[in-house]
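Good morning. Please have the sequence and the structure open while I talk.

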Amino acid sequence: MQPRDELGRVVANLQALPSQNMHAQRRFSGRSLVQFYRHGSLSIDTPDDLSPGEENICRDQLVLLENRATEAARDIPQGPPSQREEGRMRHSVSWQESPVPPDRLAQVLRDWYARNRRLLPWRASPGTLQDPYIVWISETMLQQTSVATTIPYFERFIAAFPTVRALAQASLEEVLCLWQGLGYYARARRLLQTAQILESQGGHFPTTLQDLLKLPGIGRYTATAIASMAFGEPVLARDTNVTRLVLRLFSLTDPTCIEAQVSPLLHPHPGDTNQAFMDIGALYCRAHRASCPACPLSPFCRTSQENAGEILFAAPPKEQKPTRYATFFHISAEGCLLLEQRPPQGLLGGLYGLPTTAWDSEQEQAVVFPEALRLIPQWQESAQFSHTFTHFRLHVHVLQAQLPRCVPFACPSWIWVPYAQLAHYALPTLFRKALRG
Ligand code: SF4
C-alpha cells in the first residue's frame, strides 16, 4: 500500500473512533495531512478530563495510530525542505544550538513574574514557597474552569476548609455544596477522599513528585504543580497552555521533548517559572492568537522570529456531540420542592436534582413516568433547554406539577425540601436551569 493511502486509512480510523474518543478526533482534526508530512508526527495529546478507563483506551488507540502514521510518513518521498520548513521539522533544538543562554531566559521569566504576574488569591510572593494545600485546591479547580470563575469558588472553599484536616472532617454534602456550579463533581469527591487519606497519615503532604503521584486523586499535572510551587522540586507543571507555549517558544513539534528543553529554566525557583509560563500562555500565547509583539519571550521565541506581528492559529472544527433526551419532574407542595439524591457513582453522583427519566434515550419519545408519579393527574410543560456535558448534549423537557401537600413517596432517595433551604443542597447547574423555567 502507498504511504499516502496508509495515512488516509489512519485518518479514517481516527474518524471512526467511538464516541468516548471525540476529544481525540477533535484534536486530530485540527492537523492537516500536509502539516503531518512536514512535521513527521501527529503529536496528539490525550485530554485530561477523561475518566481513567477512557483515557487508557484513548491513549492506546492514539499511540497505535500515530506509530502507524509515523512509519507511513517516513516512506513518503519529499523534496528538500525550505529553510522555514527545516526549522519546523525539528523535534528539538538543543541549548548548544541556541543563541540564547538558558540562564538568561530563566532570569527574564523570573523577572517578568516578579513584576507582572497576575495577582491571584492562591499565590505566594515571588521567590517563596506556597502552601501545598492551597496549590492543590486551586490547581484542581483551575483544571475545569477559568481563573475569573475559580476565584470566588476558591475563596469560599478555603474559608470553609482552611486546612487538610478541616476538609477531611467535612461531609461529602458540604464539599459538593461548595463545588456546585464548577462541574466535574468526581474531582470534589476525590478531594475529600484524598484529604481523609492525608489526614490518616498525619496531615502532611508528601514532599516529592514521586510520592505525590502515589496519592489517589492527584494526577501528574497537579502533582508537578504541588512539587514545584510548594516544595521547590524542579519539574515542569505542564497543562495544555504551557505545552502550547513551550512548543512555540522552541518551535518544537514533539511534546515529549518539552521537559528536557525546559529543565535548565526551572532553577532556582521552579514554582515562579511554572507560573510565569502559565501567565504568559494565558495573556499572550493563546490557543488561536499569539500576541508576539507584546510577549516578554518574543526576543527568544523561534516561532515569533519566523513570523511578523500577531500570529493567528486556525481553530479546530467544533466537536459534534451526540444528543440525548430526558424529562425532569418539577413537583412542589406547601412551599417545598421534591428533590432526588442521585446515586453515589456515575454522572453528578451524590448530588441533588429533580426526579428524572433515564438519560440514555437518543431520540425524543413519549415520557415514561416513574411508577410513583403515575397517579399525578395534571402536568404542565414549564421549560425546555439543552445542557452540554463533556461527551454529550442533554435536551431536557421539564414537566411541572403542584400537589396539595407533601405526600410521602416510596422512593428512599426522594425528599421534600423547603425552597428557602435549597441553598444548603448541592444542586448542579443543570437542575438550577430547570428550576428557572
Ligand atoms: S513570542 Fe509569540 S509565539 Fe512566542 S511565546 Fe510569546 S506569544 Fe507565544
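I will go from the overall picture to the ligand, then to two helix pairs, one helix near the end of the chain, and one histidine.

Keep in mind that this is a predicted model. The protein has 18 helices and eight strands. Of its 437 residues, 29% are buried. If you take the contacts with a separation of 6 or more, 67% of them join residues 24 or more positions apart.

Now the ligand. Its shell consists of 14 residues. The closest of them are Cys285, Cys292, Cys295, Cys301 and Ser304. By class, nine residues of the shell are nonpolar, four are polar and one is charged. Which helices supply at least two residues each? They are helix 14, residues 240-249, and helix 17, residues 302-306. Helix 14 gives the most, with three residues.

Helix 14 also takes part in the next topic, which is helix packing. Two packed helices are described by the angle between their axes and the distance between the axes. For helix 14 and helix 16, the axes come within 9 Å and cross at roughly 85 degrees. An angle from 65 to 115 degrees counts as roughly perpendicular, so helix 14 is roughly perpendicular to helix 16. On the helix 14 side, the residues that meet the partner are Asn241, Val242, Arg244 and Leu245. On the helix 16 side they are Phe277, Met278, Ile280, Gly281 and Ala282. The residues of this contact divide into six nonpolar, two polar and one charged.

Helix 16, residues 270-283, has another partner to look at, helix 13, residues 220-231. Here the axes come within 7 Å and cross at roughly 125 degrees. Helix 13 and helix 16 are therefore oblique to each other. Helix 13 makes the contact with Ala225, Ser228 and Met229, and helix 16 with Pro270, Gly271 and Asn274. By class that is three nonpolar, three polar and no charged residues.

Next, please find helix 18, residues 429-436. Which of its residues are buried? Leu430, Phe431 and Ala434 are. These three cover an arc of only 90 degrees around the axis, which puts them on the same side of helix 18. What covers the buried residues of helix 18 includes four strands: strand 3 (323-333), strand 5 (352-353), strand 6 (380-388) and strand 7 (393-402). The face turned away from the buried side carries the exposed residues Thr429 and Arg436. Just after helix 18 comes glycine 437, which takes a positive phi of about 75 degrees.

The last item is histidine 288, in the loop between helix 16 and strand 1, residues 289-290. Is histidine 288 buried or exposed? A residue counts as exposed if 12 or fewer other C-beta atoms lie within 10 Å of its own. Histidine 288 has 10 within that distance, so it is exposed. It still has contacts beyond its neighbours within four places in sequence, and these are with Leu312, Phe313 and Ala315. Take phenylalanine 313: it is 25 residues from histidine 288 in sequence, and 4.5 Å from it in space, C-alpha to C-alpha.

To recap, helix 14 supplies three residues of the shell around the ligand and crosses helix 16 at roughly 85 degrees. Helix 16 also packs against helix 13, at roughly 125 degrees. That is all I have; thank you.

Technical notes:
Residues are numbered from 1 along each chain as its sequence is written. This is a predicted model: local features need pLDDT of at least 70, side-chain atom pairs count only at pLDDT 80 or more; totals for chains, interfaces and linings use all residues. A residue is near a molecule or strand if its C-beta atom, placed from the backbone, lies within 6 Å of it. Ala, Val, Leu, Ile, Met, Phe, Trp, Tyr, Cys and Pro count as nonpolar, Asp, Glu, Lys and Arg as charged, and the others, Gly among them, as polar. Axes are lines fitted to C-alpha atoms, for helices over the stretch in contact, and angles run from 0 to 180 degrees between N-to-C directions. Angles under 35 degrees count as roughly parallel, over 145 as roughly antiparallel, 65 to 115 as roughly perpendicular and the rest as oblique. Two residues are in contact if their C-beta atoms, placed from the backbone, lie within 7 Å. A residue is buried if 20 or more other C-beta atoms lie within 10 Å of its own, exposed if 12 or fewer, and partly exposed in between; C-beta atoms are placed from the backbone. The arc is that of the directions from the helix axis to the C-beta atoms.
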